[in-house]
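Hi there,

Here is the structure I promised to pass on to you. Have a look at it first, and then read on for what turned up when I went through it.

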Amino acid sequence: MNKEDKNKNKLSGSNTGSYILLVLISIIWLFPFFGLVMTAFRSYDPKVEYGGMVNYLIPKHFSMDNFRFLFSGQSNFLLWYRNTLIIAIFVAIGNTIMILCVSYALSRMRFKGRELLMRFWLVLGMFPGFLTMICLYFLLKQFGLTQAGAVPGLILISVASSGMGYYVCKGYFDTIPMALDEAAMIDGATRARVFFILTIPMAKPIVIYTALVAFMAPWCDFVFASYVAFGNDKSYNVAVGLQRWVWTNDYQGYFTRFCAGGLLVAIPVTLLFIFLQKYYVEGVTGGAVKG
């Protein structure tokens with residue numbers, strides 16, 4: 001066996017070990033999700049099977065009772081799901097537009113105070129959002145955007161400060177040659193036309209990345225959503241609504257329903273990442289090239 005064959009065998013053995021490690025990590029990572037799926041199909045009827053926490057994963061009796069309950073008029077799950085979807089869609093659209101505009105301006109334009117503004121936003125973004133929760137709550141309360149008006153209130157708060165998240169998007173715009181903008185403007189194109197006709201089509205990965213991240217934030221939000229919608233179950237999102245279920249005294253009846261709801265909540269985000277993962281990765285790697 002020559003030296004080249006030895007190197008190939010060594011590389012093959014190294015790859016095999018890596019694949020085994022990745023498979024083990026995947027099993028560990030997917031195990032909680034598998035438990036969630038199995039519990040979602042376990043009946044909450046005490047005459048059939050115990051609906052609380054048990055010491056086994058595979059249900060003794062598979063049942064669709066939990067999903068029937070979610071889609072029936074006995075629960076507000078569909079209302080919570082609709083609230084979450086409305087918030088996530090509007091926030092994704094608003095944040096994407098805001099971040100793209102701010103990032104393009106900071107990447108392409110040179111104006112007085114630009115560097116100072118970028119540094120100020122960078123420092124300001126280091127402070128956790130929890131510090132402003134009380135102030136934001138009372139501000140929203142003055143405009144009737146809490147409790148019954150929590151849905152538009154959450155959209156407003158999420159979109160209002162989204163421009164400060166320009167870092168990755170600006171880095172991606174910096175990789176697009178400035179000469180293309182200059183050539184288009186020499187031909188008579190306005191700054192807005194260059195942005196919409198030239199830059200945005202070339203920045204498709206970062207646009208999708210920005211929209212996905214913006215969609216995920218309100219979809220998974222619990223702390224601020226529970227704070228703003230406190231006491232009004234018609235304004236809950238799914239995270240707050242499902243959490244209230246496991247806080248009830250009827251833990252036996254609601255634990256499996258909670259798991260079924262969690263499974264349905266995970267489906268849209270999972271599908272989005274499956275179909276858009278190519279652009280998501282391109283957006284992250286492209287935006288990390290420059291800052």
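Helices α3 and α9 are roughly perpendicular to each other, because an angle between 65 and 115 degrees counts as such and their axes cross at roughly 105°. The axes come within 12 Å, with α9 spanning residues 191–202. On the α3 side the contact is made by L100, C101, Y104 and R108, and on the α9 side by R191, V194, F195, T199 and I200. Sorted by class, the residues of this contact are 6 nonpolar, 1 polar and 2 charged. Please keep in mind throughout that this is a predicted model.

Now for the overall picture. The protein chain has 13 helices and 0 strands, so don't go looking for a sheet, since the pattern along the sequence is α-α-α-α-α-α-α-α-α-α-α-α-α. The chain counts 291 residues, and 38% of them are buried. Among contacts between residues at least 6 apart in sequence, 73% join residues at least 24 apart.

Helix α3 has a second partner that you may want to look at. This helix covers residues 77–108, and α12 covers residues 238–246. The two pack at an angle of about 150°, with their axes 8 Å apart. That angle makes α3 roughly antiparallel to α12. From α3, the residues F77, W80, Y81 and T84 take part, and they meet V238, G241, L242 and W245 of α12. By class, this contact has 6 nonpolar and 2 polar residues, and no charged ones.

Two of those residues also belong to an aromatic group. W80 and W245 form one aromatic cluster together with F69, Y236 and Y254. In total, the structure holds 16 aromatic pairs. One of them is F69 with Y254, an edge-to-face pair with 6.0 Å from centre to centre and 80° between the planes. What does this pair tie together? F69 lies in helix α2 (residues 65–70) and Y254 in helix α13 (residues 251–287), so the pair links parts that are 185 residues apart in sequence. Are its two members buried or exposed? F69 is buried, at 4% relative accessibility. Y254 is buried as well, because its relative accessible area of 19% falls under the 20% cut-off.

There is also a charged residue at this pair. R257 lies over the face of F69, 3.8 Å from the ring centre. R257 lies over the face of Y254 too, at 4.6 Å from that ring centre.

Another of the aromatic pairs joins sequence neighbours: Y166 and Y167 are 4.6 Å apart, centre to centre, with 45° between the planes, a tilted arrangement. Y166 is buried, with a relative accessible area of 4%, whereas Y167 is partly exposed, at 32%.

Y167 brings us to the next helix pair, as α7 runs over residues 167–174. Helix α7 packs with α10 (residues 204–219) at an angle of about 175°, their axes being 10 Å apart. The two helices are therefore roughly antiparallel to each other. Here V168, C169 and Y172 of α7 meet P205, I206, Y209 and T210 of α10. The contact of α7 with α10 divides into 6 nonpolar residues, 1 polar residue and no charged ones.

P205, which sits in helix α10, has one more detail to offer. This proline is buried, at 7% relative accessibility. Its C-alpha is 9.1 Å from the C-alpha of L276, while P205 and L276 are 71 residues apart in sequence.

Last, the stretch around α5 and α6. Helix α6 takes in residues 150–160, and A150, V151, G153, L154, I155, I157 and V159 are buried there. Those buried residues pack against α3, α5 (133–142) and α11 (223–228). In the loop between α5 and α6 you will find Q147. What is notable about the phi of Q147? The angle is near 55°, a positive value in a residue other than glycine. Q147 counts as partly exposed, with 31% relative accessibility.

Happy to talk any of this through whenever it suits you.

Best wishes

Technical notes
Residues are numbered from 1 along each chain as its sequence is written. This is a predicted model: local features need pLDDT of at least 70, side-chain atom pairs count only at pLDDT 80 or more; totals for chains, interfaces and linings use all residues. Side-chain values use heavy atoms; hydrogens and water are left out. Rings of Phe, Tyr and Trp (its six-membered ring) pair if their centres lie within 6.5 Å; planes under 30 degrees apart count as stacked, over 60 as edge-to-face and the rest as tilted. Helices (H or I, at least four residues) and strands (E, at least two) are DSSP runs, numbered from the N terminus. Buried means under 20% relative accessible area, exposed over 50%, partly exposed in between (1.4 Å probe, protein chains only). A charge sits over a ring if NZ of Lys or CZ of Arg is within 6 Å of the ring centre and within 35 degrees of the ring normal. Axes are lines fitted to C-alpha atoms, for helices over the stretch in contact, and angles run from 0 to 180 degrees between N-to-C directions. Angles under 35 degrees count as roughly parallel, over 145 as roughly antiparallel, 65 to 115 as roughly perpendicular and the rest as oblique. Contact means heavy atoms within 4.5 Å. Ala, Val, Leu, Ile, Met, Phe, Trp, Tyr, Cys and Pro count as nonpolar, Asp, Glu, Lys and Arg as charged, and the others, Gly among them, as polar.
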